[in-house]
Amino acid sequence: MYIKELSAYESKEVTLKGWVANRRDSKGLVFINLRDGSGICQCIADANKISENDFEQAGKLSLESAVEISGTVVKDERQIGGYELQITKLNVIQIAEEFPIAKKEHGIEFLMDKRHLWLRSQRQWAILRIRNTIIYSIHRFFQDEGFVQMDAPIFTANASEGTSTLFETDFYGAPAYLSQSGQLYGEAMAMAFGKIYTFGPTFRAEKSKTRRHLSEFWMIEPEMAFCDIHQNMDLIENFLQYVIREVLDKCQNELKLIDRDTSILETSLKKFPRLTYDEAVAIIKGEKDVNGQNSIKSLENELASVEAQIAATNADINDREAKLAAPGMKKGEINFNQAKIATLKNELKDLEESQRNIPQWIASAKNFEYGNDLGGSDETVITRLFDVPIMVYDWPHEVKAFYLKRNPDDQRFARGVDVLAPEGYGEIVGGGERETDEQMLRDKIIEHQLPMEAFEWYLDLRKYGSVPHAGFGLGLERLVTWLCKLKHVRESIPFPRMYGRLAP
Ligand code: 4AD
Ligand code: MG
């Protein structure tokens, strides 16, 4: 019996097993917020309705104590799940020691050190349930479309996404690398099954702390035989919109818990603009407007507005502090103002971060050099101008992976596509059409200084029934981060692995 099933048991007696998320005592009553993993339910112990011993036990329950509670289900619209429990019997399973994560604000490093316990908090719970819905809907989409799921190896002899981010390990005395991507194996499987997808862990040694990079992340990589770059983009759009729709349908409660404004998720159900690299660069540099907005001017306006907000917030804080310092304020008013000052100071931190970032974005947009890959700030600059994900395709071949097909009409470009999420999030998908010409691939492998022997099996695919084919890779954590509007990718996975963090 789980809390999420309570609606079927109105007025009936049920037994719940769970943990104490909160306890509040008042005269003759103890209010327990019980969580059981499926939801939260307020349970009320009334001294007049239960045994003296049970009431006494209820009053001793510390945060995160484990308990079995029986009671009558009562409908109450004001409660989180719409129901509460009038306790009839209570059985303590374990009284928890003092829980390290209290109601007060903790720093992120502390919370990350206590990740094994932090997972129980409502916000983390909601994020990881949304992650679960995303995973389930990804499998459903591809299975319904007739794709065959395959598992690519994790130990590999070849690099697919550049040699600078390889994790090297020892494979019976020979060097092996942890997989950066299942794609090359996916291509072999696509030639056997037509349409396949991999969904597995991938590894990149990213030696810098950013809010977008993990060392271990989960990637979904479909690969389709007889598919070109444009059909690939059609699939990406259908697929992402399917997942977004599922999250909107199934996770309203979780989205509310994390305060996600879902309007941008709704607008993301309309067509994704498709821009060539050339168009994207012109927009970033402010040479071309979109939706009546100019990248540089809108950033300058935003900086001015941020600075005005900082001044107003500082004035508000000073004003309240002066009032607090003066005598005669009532206790309630003191509490209210102190809480308000704490909130304002948090807002100030975010505003000051924007004040530092925006000038850097302006500078990197103005100085962007045609021919380069887009950096994190370039992605931020362009995606802030759109209310849907955008697809950027046809990239200078020098900045993209060795396996991408050259545009037959313009050899300067490779047929890669990146999907950039709005609200400044940037790249969530990278993919493209694959080179089918064996000699072109050999030249690229040499140019990238990769060991030819490790790729002979891959080159075989171009000898026996080679066909146009394409695919893409979606970073699961990047998608969760955007859909939940998280500040940092580390909260999108139960136990993140990243530069500087291997525990818990
Ligand atoms: O753009 P990437 O490097 O593309 C590939 O690996 C291709 N083989 C995919 C394919 O065509 N089958 O990576 C794909 C996606 C990125 O768009 C990003 O979402 C995610 O993987 N990603 C990361 N996510 C978290 N941390 C990192 N360090 C990531 N690196 C890439
Ligand atoms: Mg990429």
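**Exercise 1. The shell around ligand 1**

Which element gives the largest share of the shell around ligand 1, and how many residues come from it? Describe the shell in this predicted model.

*Solution.*
Step 1. Begin with the residues themselves. The surroundings of ligand 1 comprise 22 residues, and those that come nearest are Ser181, Gln183, Gly430, Gly473 and Gly475.
Step 2. Assign the shell to elements. Two or more residues each are given by strand S11 (216–225), strand S15 (426–433), strand S16 (469–475) and helix H15 (476–483).
Step 3. Identify the main contributor. S15 supplies five residues, the largest share of the shell.
Step 4. Sort the shell by residue class. Six of its residues are nonpolar, nine are polar and seven are charged.

**Exercise 2. The overall layout**

State how many helices and strands the protein has, and describe its extent and its domains.

*Solution.*
Step 1. Count the elements. There are 15 helices and 16 strands in the protein.
Step 2. Consider the extent. Along the principal axes, the C-alpha atoms fill a box of roughly 85 × 55 × 45 Å.
Step 3. Consider burial. The protein has 504 residues, of which 35% count as buried.
Step 4. Locate the domains. The domain assignment places domain 1 at 3–94, domain 2 at 118–272 + 389–492 and domain 3 at 296–365. The centres of domain 1 and domain 3, taken over C-alpha atoms, lie 41 Å apart.

**Exercise 3. Two crossings of helix H4**

Determine how H4 is oriented towards H6 and towards H15.

*Solution.*
Step 1. Take the first pair. Helix H4 (residues 122–144) and helix H6 (residues 229–250) have axes that come within 9 Å and cross at roughly 135 degrees.
Step 2. Classify the angle. An angle over 145 degrees would count as roughly antiparallel, and one of 65 to 115 degrees as roughly perpendicular. The crossing of H4 and H6 fits neither range, and the two helices are therefore oblique to each other.
Step 3. Give the handedness. The crossing in which H4 passes H6 is right-handed.
Step 4. Repeat for the second pair. The axes of H4 and H15 come within 10 Å, with a crossing angle of roughly 125 degrees. H4 and H15 are therefore oblique to each other, and H4 passes H15 in a right-handed crossing.

**Exercise 4. Asp373**

Is Asp373 buried or exposed, and why?

*Solution.*
Step 1. Place the residue. Asp373 belongs to the loop between helix H11 (331–366) and helix H12 (376–383).
Step 2. Apply the cut-off. A residue counts as exposed if 12 or fewer other C-beta atoms lie within 10 Å of its own. Asp373 counts as exposed because it has 12 C-beta neighbours inside 10 Å.
Step 3. Relate Asp373 to a residue of Exercise 1. Along the chain, Asp373 and Gly475 are 102 residues apart, and 18 Å separate their C-alpha atoms.

**Exercise 5. Backbone details**

Describe the backbone and surroundings of Asp394 and Lys485, and state which residues a cis peptide bond joins.

*Solution.*
Step 1. Examine Asp394. Although not a glycine, Asp394 has a positive phi of about 60 degrees. Asp394 is found in strand S13 (residues 390–396), and it is buried because 23 other C-beta atoms lie within 10 Å.
Step 2. Examine Lys485. Lys485, also not a glycine, has a positive phi of about 55 degrees. Lys485 lies in the segment after H15 and counts as partly exposed, with 16 C-beta neighbours inside 10 Å.
Step 3. Find the cis bond. Ala503 and Pro504 are joined by a cis peptide bond with omega of about 0 degrees. Pro504 is in the segment after H15.

Notes:
Residues are numbered from 1 along each chain as its sequence is written. Chains are lettered from A and ligands numbered from 1 in the order in which they are written. This is a predicted model: local features need pLDDT of at least 70, side-chain atom pairs count only at pLDDT 80 or more; totals for chains, interfaces and linings use all residues. A residue is near a molecule or strand if its C-beta atom, placed from the backbone, lies within 6 Å of it. Helices (H or I, at least four residues) and strands (E, at least two) are DSSP runs, numbered from the N terminus. Ala, Val, Leu, Ile, Met, Phe, Trp, Tyr, Cys and Pro count as nonpolar, Asp, Glu, Lys and Arg as charged, and the others, Gly among them, as polar. Domain bounds come from an automatic or database domain assignment. A residue is buried if 20 or more other C-beta atoms lie within 10 Å of its own, exposed if 12 or fewer, and partly exposed in between; C-beta atoms are placed from the backbone. Axes are lines fitted to C-alpha atoms, for helices over the stretch in contact, and angles run from 0 to 180 degrees between N-to-C directions. Angles under 35 degrees count as roughly parallel, over 145 as roughly antiparallel, 65 to 115 as roughly perpendicular and the rest as oblique. A crossing is left-handed if the near helix is turned anticlockwise from the far one by less than a right angle, and right-handed if clockwise.
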